[in-house]
2 protein chains.
Amino acid sequence: MNVAFIFMSDFAAARTPTSRARRNTGRTVLTDVAKRAGVSTATVSRVYNEPDKVSDSVRQRVEQAALELNWFPNAAGRALASTRSHIAGIIIPTLDDQVFASQVSGMQAAFATRGITLVLGCSNYDPQQALLQVRAMLARGVEAMAIVGEAHPEEVFDALRLYRVPYAVTYAYREGSPHDCIGFDNRAAFAEITEHLIGLGHRAFAVCVQPTRDNDRVQARVAGIRAALERHGLAVRPEYLLEGESSIGFGRRSLRAIWQSTGERPTAIICGNDHIALGVLREADDLGIDIPGELSVTGFDDLAIASELRPSLTTMRVDTAEIGRLAAQHLLDALDGAPSRRGHEVRAVLQVRASTGPSPR
Amino acid sequence: MNVAFIFMSDFAAARTPTSRARRNTGRTVLTDVAKRAGVSTATVSRVYNEPDKVSDSVRQRVEQAALELNWFPNAAGRALASTRSHIAGIIIPTLDDQVFASQVSGMQAAFATRGITLVLGCSNYDPQQALLQVRAMLARGVEAMAIVGEAHPEEVFDALRLYRVPYAVTYAYREGSPHDCIGFDNRAAFAEITEHLIGLGHRAFAVCVQPTRDNDRVQARVAGIRAALERHGLAVRPEYLLEGESSIGFGRRSLRAIWQSTGERPTAIICGNDHIALGVLREADDLGIDIPGELSVTGFDDLAIASELRPSLTTMRVDTAEIGRLAAQHLLDALDGAPSRRGHEVRAVLQVRASTGPSPR
DNA sequence: TTGTATGCGTTATCAT
DNA sequence: ATGATAACGCATACAA
């Protein structure tokens, strides 16, 4: 036995030169805590992952040691050993739009309660950037993903399926979508706005929307307007269907262009969102156009100022933070192996205010 | 020596039976790519980390194999082996405020160009949540951190220093701060607004700001106002120093309360931001108060609508996305070991518009 | 309840 | 330029 001991140390000595030194990152690791607490590494791990399986006294010793050494588990090590990253991802077009920011906010809060970190990616409305972001997130080992809209390269969804990462398409909801959707029906919402105006007697419309390219939500909105008008034998004249950046400036320019046009003037303008509608209202003020006497205007999103403007803006409200929460819950359910529903529809609610009224004609 | 070998093999033999099978997670790993490309794992790794050290032909074979197997490096594995996480963190009060959202946006973009993923945490203005978030991020192995403001528990900065994580305090800039700051001088900015009003002859002021508790930026703003007034022998009456949530509603309520007060009415109201100022303007409209004839109003942030309101709002503009970019650059420099400056000041620029005018008294 | 010994997927060191 | 293999920090199956 003696020899054995001698030999073992000998063995250790023999190895040492060949074996590389520990890379020594200098940081405190689980092993240090185990030593200090006088327990095995497994026990330390259990204290943080299966506390019930550890006796109170030992747990306290370990926690004390961890505190003294200022240690907490390293996420990369955990992820590697457990093959669970505790990371989820969300890809939105841009944070500069409040509706997406609040969606992220709602999702982050919901995930946080379950110890899941949300990683954010912005595509800037570029499908290729979205694809890159998804790949980066898969590399990070995201356990679940949310992505705004469904107008993305097929590779995006292929990759998600290939890696068996549960995902949800947010902000847009569409019957018959191949994806789990959490959001509202953009088409139906804009059909409702259009019907509201038709009900007020309007027959001549203009439409000012954000760029439709690579944006299924805006495309659906335009489709909803078209469908509602068609039902009444109406259509938007091509020269009154304007597309531009989501801004007050675009709204202003649009109204000016429409008013300078030689054709029959519209009596109602449907805007893709409140920012654009705001611009239209401001330009109308400058041009001396009476709202809603001469022209009705609608927005979308119900920004805080929408009800404060004079005239107040008729628009639609969507609880985007709720979309985020629901999406997070949906994904958590999927991770828990819950028999998941296909999605969740959130209602967009029409807020009729002073910017819409009976058609003058 | 013989014994030694016996012992060694004995030792090894003793191990083998105990050894469990590979846990097999089913996913494609670097080893698979190496096999397919007919190279070693080290070579595959090099292709992605030190491409110059690999011959063209080999690199192409590896890339081909990776493509065919749909493989990309696992981030947790990388992080563990390289002790670099390629993650940076930012902690903001809330995403619901555009100024922070755009800061995140700017930072994310800047980090992305260097392959660094930004992880976001929201403190909801709660110091304890901020501390928890920082800890969570350290566990994630963040390589750098940005945090809005400096009113945080000392443990926050202690932890950051202990783990040698370079960090920057953003949004606020203050001479003599112990931290690297990237932002603007809140105090100086509000002193400037105040001087603008004093220059217009105002002597009676009201102030409506966001909650000052745990918020060094707002505290600095109030201090700036105070200091400027003091220089002219002036002060805000306590009943005209109002504190409340950042909203149109608070602005409205504040003006109503001030106007109903029995004391001498102020001729100027300084608001903590544009939201509050917006509420004041709307309420003034309802109360029939002439702006700026009877009352001058100022905001902060220069929201897109600020210049569109009637009257347009005098306010200050700060490029918050630029703050994000600069913070990212500062942190990247620190990671690169660049001799770092202490911080970076961004200017807040006064936008004089129609809501401020000569004092009626 | 607690300890032992691997393995998680990659990088880094050393050797060739 | 390329290969072999030991870390990296932790979790877990299994043994005790």
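Let me start with strand β4 of chain A, residues 167-172, which in this predicted model pairs in the parallel sense with strand β5 of chain A, residues 181-184, over 4 bridges. If you want a place to look on the screen, find Ala172(A), which stands opposite Phe184(A) in β5(A). On the C-terminal side of the chain there is another strand to bring in, since β5(A) also pairs, again in the parallel sense, with strand β11 of chain A, residues 343-345, and here over 3 bridges. The residue to find for that pairing is Cys181(A), which stands opposite Gly343(A) in β11(A).

Now to the sheet made by β6 to β9. In what order do its 4 strands lie? The order is β7-β6-β8-β9 in chain A, the sheet is open, and the pairing is parallel. Because β7 (241-243) and β9 (296-298) of chain A each have a single partner strand, they stand at the edges, and one side of each is left without a neighbour in the sheet. Neighbouring strands of this sheet are turned against each other by 15 degrees on average, with direction ignored.

Looking at one of these pairings in detail, strand β6 of chain A, residues 205-209, and β7(A) are joined in the parallel sense over 3 bridges, and Val209(A) has Glu243(A) in β7(A) as its bridge partner.

Finally, there is a helix to place against these strands: helix α10 of chain A, residues 216-231, lies across β6 and β8 (268-271) of chain A, and runs at about 170 degrees to β6(A).

Methods: Residues are numbered from 1 along each chain as its sequence is written. Chains are lettered from A and ligands numbered from 1 in the order in which they are written. This is a predicted model: local features need pLDDT of at least 70, side-chain atom pairs count only at pLDDT 80 or more; totals for chains, interfaces and linings use all residues. Two strands pair if DSSP finds at least two bridges between them. Helices (H or I, at least four residues) and strands (E, at least two) are DSSP runs, numbered from the N terminus. Axes are lines fitted to C-alpha atoms, for helices over the stretch in contact, and angles run from 0 to 180 degrees between N-to-C directions. Two residues are in contact if their C-beta atoms, placed from the backbone, lie within 7 Å.
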